[in-house]
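Visitor: I've got the viewer open and some time to spare. Mind walking me through this one?

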Amino acid sequence: MELNRTFFTGLGCGICLGISLFACRKYLGCSKTQKTVKAFASNEEYKLVLVVRADLQMTKGKIAAQCGHASVDAFEKAQKIDPVGLNSWMSVGQTKVAVKTNSLEELKLIEQNARNEGINTSMFVDCGRTQIAPDTITVLGVGPAPRDLVDKVTGHLKLL
């Protein structure tokens, strides 16, 4: 009888885990970004640019945290929409560049220009637990995508 209980317990756990993973995959795969961003050739050099709002006058630590959030979000989106390009980016050092902008309007314009080029974007909104008011847009991730395309959208910005 012990063998049957162990067998059926394992089988039940396996079925529950399978259903949960299927549901998570289906849920995570339904992204608007997925339809608006395209995959690029994997032999191109990729980079990620983090556009930081300098007008918010965040501390260095806050900027680092916000860039980290935007980077993770960009990575997760790229896993779904351009896994080959993401692997290319990861295999050559995961180039990241931080630049600055002085207004929310310019940040939104950069995001729209990136989307028009088919580039992955990750707009990060702060939850407001520390220095920034809740729901404030702090950083925009542009890419990872081919360097030439990212530069076309962000090349005019100054380094942070």
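Visitor: Let's start with one side chain. Which helix does E111 lie in?

Guide: Quick ground rules: this is a predicted model, where local features need pLDDT of at least 70 and side-chain atom pairs count only at pLDDT 80 or more, while totals for chains, interfaces and linings use all residues. Residues are numbered from 1 along each chain as its sequence is written, and side-chain values use heavy atoms, leaving out hydrogens and water. Helices (H or I, at least four residues) and strands (E, at least two) are DSSP runs, numbered from the N terminus. On that numbering, residues 104-116 form the helix that holds E111, namely α5.

Visitor: Is E111 buried or exposed?

Guide: The labels go by relative accessible area: buried is under 20%, exposed is over 50%, and partly exposed is in between, with a 1.4 Å probe and protein chains only. E111 has a relative accessible area of 17%, so the label is buried.

Visitor: And which residues does E111 touch, not counting those up to four places away in sequence?

Guide: Contact here means heavy atoms within 4.5 Å. With residues up to four places away in sequence left out, the partners of E111 are T121, M123 and L140.

Visitor: How confident is the predictor, and what is the mean pLDDT of the protein?

Guide: pLDDT is the predictor's confidence in each residue, from 0 to 100. The weak stretch is residues 26-36, where pLDDT stays under 50 and the model has 9 contacts beyond four places in sequence. Over the protein, 73% of residues reach 70 or more, and the mean pLDDT is 84.

Visitor: What pattern does the protein follow along the sequence?

Guide: The parts list is 6 helices and 5 strands. Read from start to end, they give α-α-β-α-α-β-α-β-β-α-β.

Visitor: In what order do the strands form the sheet?

Guide: Strands of a sheet pair through backbone hydrogen bonds, either parallel or antiparallel. Two strands count as paired if DSSP finds at least two bridges between them. The sheet here is open, with 5 strands and mixed pairing, in the order β3-β4-β1-β2-β5. Pairing on one side only marks the edge strands, β3 (121-126) and β5.

Visitor: Which strand does β1 pair with in the parallel sense?

Guide: β1 has an antiparallel partner in β4, with 6 bridges, and there Y46 stands opposite P146. In the parallel pairing, L50 has A98 as its bridge partner. That pairing joins residues 46-53 to residues 96-101 over 6 bridges, and the partner strand is β2.

Visitor: What about the edges: how many bridges join β2 to β5?

Guide: At one edge, β3 and β4 pair in the antiparallel sense over 6 bridges, with T121 matched to V142 and V125 to I137. At the other edge, V99 has L159 as its bridge partner. β2 and β5 (residues 158-159) run antiparallel, and the number of bridges is 2.

Visitor: How many residues of β4 are buried?

Guide: Helix α6 (residues 147-154) lies across β1 and β4, at about 145 degrees to β4. For the protein, 37% of the 160 residues count as buried. β4 is mostly covered, and its buried count is 11 of 11.

Visitor: Now the helices. At what angle do α3 and α4 pack?

Guide: Two packed helices are described by the angle between their axes and the distance between the axes. Axes are lines fitted to C-alpha atoms, for helices over the stretch in contact, and angles run from 0 to 180 degrees between N-to-C directions. Helix α3 (residues 60-81) and helix α4 (residues 83-91) have axes 6 Å apart, and the angle is about 130 degrees.

Visitor: Which residues of α4 make that contact?

Guide: The α3 side brings F75, A78, Q79, K80 and I81. From α4 come P83, L86, W89 and M90.

Visitor: Anything odd in the backbone? Which residues does a cis peptide bond join?

Guide: One of the partners, P144, sits in strand β4 (residues 136-146). Omega is about 0 degrees at the cis bond, which joins G143 and P144.

Visitor: Where is Q57, which has a positive phi?

Guide: Phi of Q57 is near 50 degrees, a positive value in a residue other than glycine. Q57 is exposed, with a relative accessible area of 70%. Its place is the loop between β1 and α3.
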